[in-house]
Amino acid sequence: MRLRVGHLYPDYLNIYADRGNIAVFARRAALRGLELDVTAIGLGETPAQGDYDLLYVGGGQDREQALIAPDIAAKGPALAEAVAGGAAVLAVCGGYQLLGRFYRDRYGSELPGAAVLPLHTVAGERRMIGDVLLECSFAGGPPRTIAGFENHAGRTVLDPGAEPLGRVVAGFGNDGSTGLEGCILGRAIGTYLHGPLLPRNPWLADWILAQAAAHRSGGEPPELAPLDDRLEAEAHAVSAERARARGGRY
Ligand code: GLN
């Protein structure tokens, strides 16, 4: 099976090695005999319905976000259609913010978003920087943890009834006060967590890959064969410990 991956704005939104998430998808897919077909989607290029099984967008500084915001807003209807059609999505930090309705930067400029995720973001004075640990239960079964690194001025407000990605165990998360982080809508995930995120959270990479495979086959998410993730587990443990020790402090 070939999974079609659309990488939005790889030249603009890629900080903290966010591009590394694509490498993790490719490697974990290949170890299960799945191939990844990665296509860059840039300014003025709008994905057609059903073109992609997985859409990915990384993070970026306010400056880069301002350069792409009008374009991602114009792609909004197509991206919303893709999400409604069951495509998997992973959006990180600045990309996560711009899948919402808008990001108002600290000078008060409102950058339009794709309005795919039920949220908006307003920048605060102090940046929220550090290691983060989340507890999640969206994947069913016992709660699982996600560990990563955050650096953002934006405070994200979820609409009433919107589902967060997880509960903050340590760190700031969406806004440093609600104790919530990220947002999940169907198979679309938005999060502030960089790192890159996936090398230290292999279960999340597999969950997203399985959703993309379900989109491709039109069936249920497949059970992916387990891999030897001892190194990933160590990286997760170190990251989680750092978050507990000093996450969520200005
Ligand atoms: N520029 C945005 C903010 O500061 C996003 C930053 C990022 O992607 N790390 O909130």
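This section describes selected residues, helices, charge pairs and cysteines of a predicted model.

Leu54 lies in strand S3, which covers residues 54–57. The residue is buried, at 1% relative accessible area. Beyond its sequence neighbours of up to four places, Leu54 touches Arg4, Val5 and Gly6, together with Phe25. The contacts of Leu54 also include Ala88, Val89 and Leu90, as well as Ile208 and Ala212. Ile22 stands 32 residues from Leu54 in sequence. In space, the C-alpha atoms of Leu54 and Ile22 are 11 Å apart.

Helix H4 comprises residues 202–217. With 16 residues at 1.5 Å a residue, its expected span is 22 Å. The end C-alpha atoms of H4 are 22 Å apart, in agreement with that value. Of the 16 residues in H4, 14 are buried, so the helix is largely enclosed by the rest of the structure. Gly218 comes just after H4 and takes a positive phi of about 80 degrees.

Salt bridges number 16 in the structure. One of them joins the side chains of Arg28 and Asp229, with an N to O distance of 2.9 Å. This pair links distant parts of the chain, 201 residues apart. Arg28 sits in helix H1 (residues 20–30), whereas Asp229 sits in the loop between H4 and helix H5 (230–246). Arg28 counts as buried, at 6% relative accessibility. Arg28 and Asp229 also belong to a network of salt bridges that includes Arg32 and Asp206.

A second charge pair lies within one helix. Asp71 forms a salt bridge with Lys75, and the closest N and O atoms are 2.5 Å apart. Both residues lie in helix H2, four residues apart, or about one turn of the helix. An α-helix has 3.6 residues a turn, so residues three or four places apart point the same way. Asp71 and Lys75 are both buried.

A third salt bridge connects Arg246 and Asp131, whose closest N and O atoms are 3.6 Å apart. Here too the pair links distant parts of the chain, 115 residues apart. Arg246 belongs to helix H5, and Asp131 belongs to strand S7 (residues 119–136). Asp131 is buried, with 4% relative accessibility.

The cysteines were examined for disulfides. The count is zero. A disulfide requires two cysteine sulfur atoms within 2.5 Å. For Cys136, the closest cysteine sulfur is that of Cys183, 12 Å away, and therefore too far for a bond. The converse holds as well: the cysteine sulfur closest to Cys183 is in Cys136, at 12 Å, again too far for a bond. Cys136 is buried, at 3% relative accessibility. Cys183 is buried too, at 0%.

On the surface, Tyr12, Leu43 and Leu67 make a nonpolar patch of about 260 Å². Leu67 is located in helix H2, which runs over residues 62–84. Its relative accessibility is 46%, so Leu67 counts as partly exposed. Helix H2 thus holds a member of this patch, Leu67, and also the buried pair of Asp71 and Lys75.

Terms used:
Residues are numbered from 1 along each chain as its sequence is written. This is a predicted model: local features need pLDDT of at least 70, side-chain atom pairs count only at pLDDT 80 or more; totals for chains, interfaces and linings use all residues. Side-chain values use heavy atoms; hydrogens and water are left out. Helices (H or I, at least four residues) and strands (E, at least two) are DSSP runs, numbered from the N terminus. Buried means under 20% relative accessible area, exposed over 50%, partly exposed in between (1.4 Å probe, protein chains only). Contact means heavy atoms within 4.5 Å. The expected span of a helix is 1.5 Å times one less than its number of residues. Patches are made of residues with over 30% relative accessible area and no salt bridge: like charges are joined within 9 Å, nonpolar side chains (Val, Leu, Ile, Met, Phe, Trp, Tyr) within 5 Å. Accessible areas come from the Shrake-Rupley method with a 1.4 Å probe; for residues, only the protein chains shown count as cover. A salt bridge is a side-chain nitrogen of Lys or Arg within 4 Å of a carboxyl oxygen of Asp or Glu.
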